Amino acid sequence: MATMKFLCDTKRCIECNGCVTACKNENDSALEWGIQRRRVVTINDGQPGEASISVACMHCTDAPCEAVCPANCFYKTEDGLTLHNKDTCIGCGYCLYACPFGAPQFPKQGAFGSRGKMDKCTFCAGGPEENHSDAERQKYGANRLAEGKLPMCAELCATKALLAGDAEVVSSIFRERVAYRGSKNAIWG
Amino acid sequence: MNNLFKRFSVILALVVATVFAPVSMAHDDATDHTHAATEGQIWAQLKAGATGETTSHGQFHNQPINTYDLRVLELRSDLLAPALMAALFGMIIIFVVFIKINGISKLHGGFSGKMVYRWSKFDVSIHWLGAIPCLLLILTGLTLLAGRFFFQPYIGEGFWAALVYGAKQVHDIMAIPFMIGWALMTLLWAKNQLPKMYDLKWMMVVGGYINFGPFKGKHPDAGFANAGEKLWFWAFAVFGLVISASGMLLLFPNLFEPSRTLSLIALILHSVSAIIITAFSIVHIFMATVMSEGGMECMVSGYCDENWASQHHNLWFDEIKENGTLKYKD
């Protein structure tokens, strides 16, 4: 099977937040107020060296969230995705500490704003519930992968900065772009 | 004339070109360096933890990558989780075997029936205020740190989910009475727990609890607290502070707003403290309930048997006899 990955080409990302909107719209059934699975971050904003990058769960192969979770609620799919089971999640927040990308987010519930069940990008691949069931839609949102489609964020990216798909295909597209663009002051990349 | 002008202008153009060309080329280079960062440079900045602008209000969302030492993950799963299991179950096994071989510490003269005042009702209350939550925290904390490795493989999915969720809720709530108990015990009892010279001798003969070899039949001096109790008290005071402080960071992230890396460090310190407190707790419980005959009574009624007092805390017993603070139960 494939190993699914995201890649954001910073030379193409124009900070339009189309991916953010696409994600919010596609997964609306599962998203509690204030939860955003994908975001665009612009470094050196308005200065020389400005670059924007779209960030969500990177579906790590050896995922830190999976390693640190006390409830062991994460699992790897055969497509190499890192998904989680909200029925097992206890809302401790350790995955947010361990994740380098800030992907896990928590709705604030209960006394002192304690955390509810964690929510993160599913690569539009749903969750452990039956494909396209109500339970899946309400807990995890869309399941486009089961329909043979890629995540909505990458599909709707206007400049094709955000790529999603099998790691080999994604990296060969990016490699081709880099070779075509050339780079004056760099040996690679 | 026309020809001359042409020649002059060609020369002028060459001169201008040679003088200004390096300047303009240098300017191009500068532009490349500063204005158009390469992917490599962007990646280096992101990996170094650069933060930026984002429209998202998600937690830590303005930083694309938070880099930290990934070894903390293995430290938890490979070292701290088995260590906490060993601190609880390993210590129980060691103590059971030890008591089977060594036997318990009996009162030489049996129970006298005369009960000596040792702890106030308030002291007994704060002991249990800390102790009951402490036991629950150990069991739930063990489930949270080591459960997925040692319990989950043997139980059903639904039961595991309920167990770990219950453990988290109990752990969160019990933290509060534990901290109150810890603070009161540490502050109010410290004066009786200061180390003395005779504590060294107590340590040399392991408190006289060993019933064979050169240690047999020894009765080292002990004041209100013996050296072992003092060691436990100070370990509890220090690691209780570490476990409380790190626990507060993890329990109230909205109040203290710790960074992600600090939270992971707190998690490690919390586990290390838990391992030490758990191991000491097992020893403490065994000493009080099984090992030392008549010991448990102190934390039930606050009184101890006169024979127990003179056997285990001779210096304290002599002192209260002398200064007249000795009080018997009516």
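**Loop between β3 and α2, chain A**

I started with A:H59, which sits in the loop between β3 and α2 (64-68) of chain A. This is a predicted model, so I'm reading every value here as computed from that prediction. Phi of A:H59 comes out near 50°, a positive value in a residue other than glycine. Buried or exposed, I wondered, for A:H59? It counts as buried, because 25 C-beta neighbours fall inside 10 Å and 20 are enough for that label.

**Strands β2 and β3, chain A**

Next I went back along the chain to the strands. β2(A), residues 39-43, is mostly covered, with 4 of its 5 residues buried. Its antiparallel partner is β3(A), residues 51-55, and I noted 5 bridges between the two. For a register point I looked up A:R39, which stands opposite A:V55 in β3(A).

**A second positive phi, chain B**

B:F60 also has a positive phi, about 60°, and is not a glycine either. I found B:F60 in the loop between α2 and α3 of chain B. How many other C-beta atoms lie within 10 Å of B:F60? I got 19, so B:F60 goes down as partly exposed; the buried class begins at 20.

**Chain B overall**

I then took stock of chain B as a whole. I have 11 helices and 2 strands for it, and the order along the sequence reads α-α-α-β-α-α-α-α-α-α-β-α-α. Of its 330 residues, 29% are buried. I also checked the contacts between residues at least 6 apart in sequence: 73% of them join residues at least 24 apart.

**α4 against α5, chain B**

On to helix packing. The axes of α4(B) and α5(B) come within 7 Å and cross at roughly 145°. I have the crossing down as left-handed. By class, the residues in this contact are 19 nonpolar, 8 polar and 1 charged.

**α4 against α9, chain B**

α4(B) also packs on α9(B), at about 130° and with the axes 11 Å apart. What do I call that arrangement of α4(B) and α9(B)? Oblique, since the angle is about 130° and roughly antiparallel would need over 145 degrees. α4(B) passes α9(B) in a left-handed crossing. From α4(B) I listed B:C134, B:I138, B:G141 and B:L145, and they meet B:S271, B:A274, B:T278 and B:S281 in α9(B). The class count for this contact is 4 nonpolar and 4 polar, with no charged residues.

**α7 against α9, chain B**

Helix α9(B) turns up again with α7(B), residues 227-251. Their axes come within 8 Å and cross at roughly 145°, and the crossing is left-handed. The contact residues from α7(B) include B:W232, B:F236, B:F239, B:I243 and B:L250. From α9(B) I picked out B:L262, B:L267, B:I276, B:I277 and B:F280, among others. A glycine in α7(B), B:G240, is also one of the contact residues. I count 16 nonpolar and 7 polar residues in the contact of α7(B) with α9(B), and no charged ones. B:A274 of α9(B) is in this contact and is also listed in the one with α4(B).

**Two single residues, chain B**

I looked up B:W128 in helix α4 of chain B. With 14 other C-beta atoms within 10 Å, B:W128 is partly exposed. Its C-alpha atom is 50 Å from that of B:T54, and the two residues are 74 apart along the chain.

B:E74 is in helix α3 of chain B. Why does B:E74 count as exposed? Because it has 11 C-beta neighbours inside 10 Å, and 12 or fewer gives that class. I also took the C-alpha distance from B:E74 to B:G217: 46 Å, for a sequence separation of 143 residues.

**Chain A meets chain B**

Last, the contact between the chains. It takes 47 residues from chain B and 42 from chain A. On the chain B side, the elements that give two or more residues are α1 (2-34), α2 (39-47), α3 (71-102), α4 (121-150), α5 (157-189), α8 (253-256) and α9 (260-291). I split the chain B residues that touch chain A by class and got 17 nonpolar, 23 polar and 7 charged.

Key
Residues are numbered from 1 along each chain as its sequence is written. Chains are lettered from A and ligands numbered from 1 in the order in which they are written. This is a predicted model: local features need pLDDT of at least 70, side-chain atom pairs count only at pLDDT 80 or more; totals for chains, interfaces and linings use all residues. Two residues are in contact if their C-beta atoms, placed from the backbone, lie within 7 Å. Ala, Val, Leu, Ile, Met, Phe, Trp, Tyr, Cys and Pro count as nonpolar, Asp, Glu, Lys and Arg as charged, and the others, Gly among them, as polar. Axes are lines fitted to C-alpha atoms, for helices over the stretch in contact, and angles run from 0 to 180 degrees between N-to-C directions. A crossing is left-handed if the near helix is turned anticlockwise from the far one by less than a right angle, and right-handed if clockwise. Two strands pair if DSSP finds at least two bridges between them. Angles under 35 degrees count as roughly parallel, over 145 as roughly antiparallel, 65 to 115 as roughly perpendicular and the rest as oblique.
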